[in-house]
Amino acid sequence: MMMMAMLMICALAVTGRPPPLTAAERQRVSRAKKKDAAAAATDPPERCVVSALGGIVSEKTTPSQSVHELGSAIVNDLVPKAYHHLPGEWSALARAGGMERLFGGNLWNKGYSESAAESKRHSLQLLPVDNGPTTEEAEWMEPLAKHVQEELRKLGILGEQHVFGAMTLLLSEPHACQQSWHCDFPYQHACFQKKFLAGDGTVPYPVSVLIAFHQDGASLRVQGAERVIEFGKFSAIVFRGDLEHAGAAWARRDWNFRIHIYFITGGERCKKDWKCPLPRKGKTGRGGNNIRVCGPPSMADAAAFSAIKI
Ligand SMILES: O=C(O)CCC(=O)C(=O)O
């Protein structure tokens, strides 16, 4: 052994290069490389988590790449203090009967109204103003939507091509069931088939944003994700408009308010009338456009998939 080491040192001193590896050493290196490659292949790709206040939370990829390739990114601290009191206002509005029933489960086999009747979920379109408060009555609506758009632009997710589409208030009552899988925009549309980000690195299609206001945050089920995606109070999940998702069940005894914002893309390829968010059937369980699957669905997911009639 001692002799071998001395020979290696001599070889290094004479040639300036390490001596060639022996057959056994080459085999060892090759086995180690194969092991690393296998581990990399089974490690699920990681969703990007960033903070709107700056600082890296978990940034294995850029926010827009995470939206493009994994379907979503998490943006923490998206809601400034000026809006933290809003759930109080929303509770008063909901108690006064100001919200509408939102679909829950069984949407595709029972239809919207039957699904909504038993969902324990409610919604209210805030912008463009419809049946809800006017912009004078709720002065916070437009500034909040603008703030979110600006932050997502700063993070490089939204670009010049995005315009505000709509903003909706969501409420889950205690024991609300999980929604049926759906997309917010038609996943078959050409804009979602684009393989590459726009020249400035932003995403080239409509995106949805779901912001948590409950103290325990909120969660969303997303096709292809390894588990339900959770995000904290005043934080958001930003996801591709063609990502098939479902509002998660809410098992607690209090109300969970969320804000859902849709940013659409202007121009010819993505129609402006997409601002009206409708649940649309997705591919259920068959993956999305260009979205990498992050690991096998759990058994519970598999049971949910097979229970859905399409
Ligand atoms: O309830 C949620 O949190 C998400 C709702 C949703 O995805 C929708 O209604 O389109």
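## Leucine 220 and its sheet

In this predicted model, leucine 220 stands opposite isoleucine 229, a residue of β9. The two strands concerned, β8 and β9, pair in the antiparallel sense over 3 bridges. They belong to an open sheet of 3 strands, with the order β9-β8-β11 and antiparallel pairing. The edges are taken by β9 (229–231) and β11, each with a single partner strand, so one side of each is left without a neighbour in the sheet. From one strand to the next, the twist averages 30°.

## Around the ligand

Let's follow leucine 220 to the ligand, because this residue is also part of the shell there. Its companions around the ligand are Leu102, Leu170, Asp184, Leu210, Ala218, His245, Gly247, Arg258 and Pro279. Sorted by character, the residues of the shell divide into 6 nonpolar, 2 polar and 2 charged.

Two strands of the open sheet turn up again here. Both β8 (218–222) and β11 (245–247) supply at least two residues each to the shell around the ligand.

## Strand β7, covered on both faces

Leu210, another residue of the ligand shell, lies on one of the two covered faces of β7. This strand (residues 207–212) is mostly covered, with 6 of its 6 residues buried. As a general point, side chains in a regular strand alternate between the two faces of the sheet. In β7, one side carries Val207, Val209 and Ile211, while Ser208, Leu210 and Ala212 sit on the other, and all of them are buried.

Which strands does β7 pair with? One is β10 (residues 236–240), which runs antiparallel to β7 and is joined to it by 5 bridges. Within that pair, isoleucine 211 stands opposite alanine 236. Another is β12, paired with β7 in the antiparallel sense over 6 bridges; here serine 208 stands opposite tyrosine 262.

## The largest nonpolar core

Isoleucine 211 and alanine 236, the facing residues of β7 and β10, also stand out in the largest nonpolar core. Of its 63 residues, the ones that touch the most other members are Val75, Ile157, Ile211, Ala236, Ile237 and Val238. Strand β12 (residues 256–265) gives the largest share of this core, 6 residues.

Valine 238 is a good place to look at the contacts in detail. Leaving out residues up to four places away in sequence, valine 238 touches Val67, Ser72, Ala73, Val75, Leu152, Ile157, Val207 and Val209. Val207 and Val209 are on one side of β7, while Val75 and Ile157 are among the core residues with the most contacts to other members.

## Alanine 116, partly exposed

Now for a residue in a helix: alanine 116 is found in α6 (residues 112–117). Is alanine 116 buried or partly exposed? It has 19 other C-beta atoms within 10 Å, and a residue needs 20 or more to count as buried, so alanine 116 is partly exposed.

Beyond residues up to four places away in sequence, alanine 116 touches Arg101, Leu102, Phe103 and Gly104. One of these, Leu102, is also part of the shell around the ligand. Glutamate 100 is 16 residues from alanine 116 along the chain, and the C-alpha atoms of the two are separated by 9.1 Å.

## The chain as a whole

Stepping back, the chain has 8 helices and 12 strands. Of its 310 residues, 37% are buried. Among contacts in the chain with a separation of 6 or more, 72% are between residues 24 or more positions apart.

Terms used:
Residues numbered from 1 in each chain as written. Predicted model: local features only at pLDDT ≥ 70, side-chain atom pairs only at ≥ 80, totals over all residues. Near = placed C-beta within 6 Å. Helix = DSSP H or I, 4+ residues; strand = E, 2+ residues; numbered from the N terminus. Nonpolar A, V, L, I, M, F, W, Y, C, P; charged D, E, K, R; others polar. Core = buried A, V, L, I, M, F, W, Y, C linked by C-beta atoms within 7 Å. Buried ≥ 20, exposed ≤ 12 C-beta atoms within 10 Å, placed from the backbone. Contact = placed C-beta atoms within 7 Å. Pairing = 2+ DSSP bridges. Axes fitted to C-alpha atoms, helices over the stretch in contact; angles between N-to-C directions.
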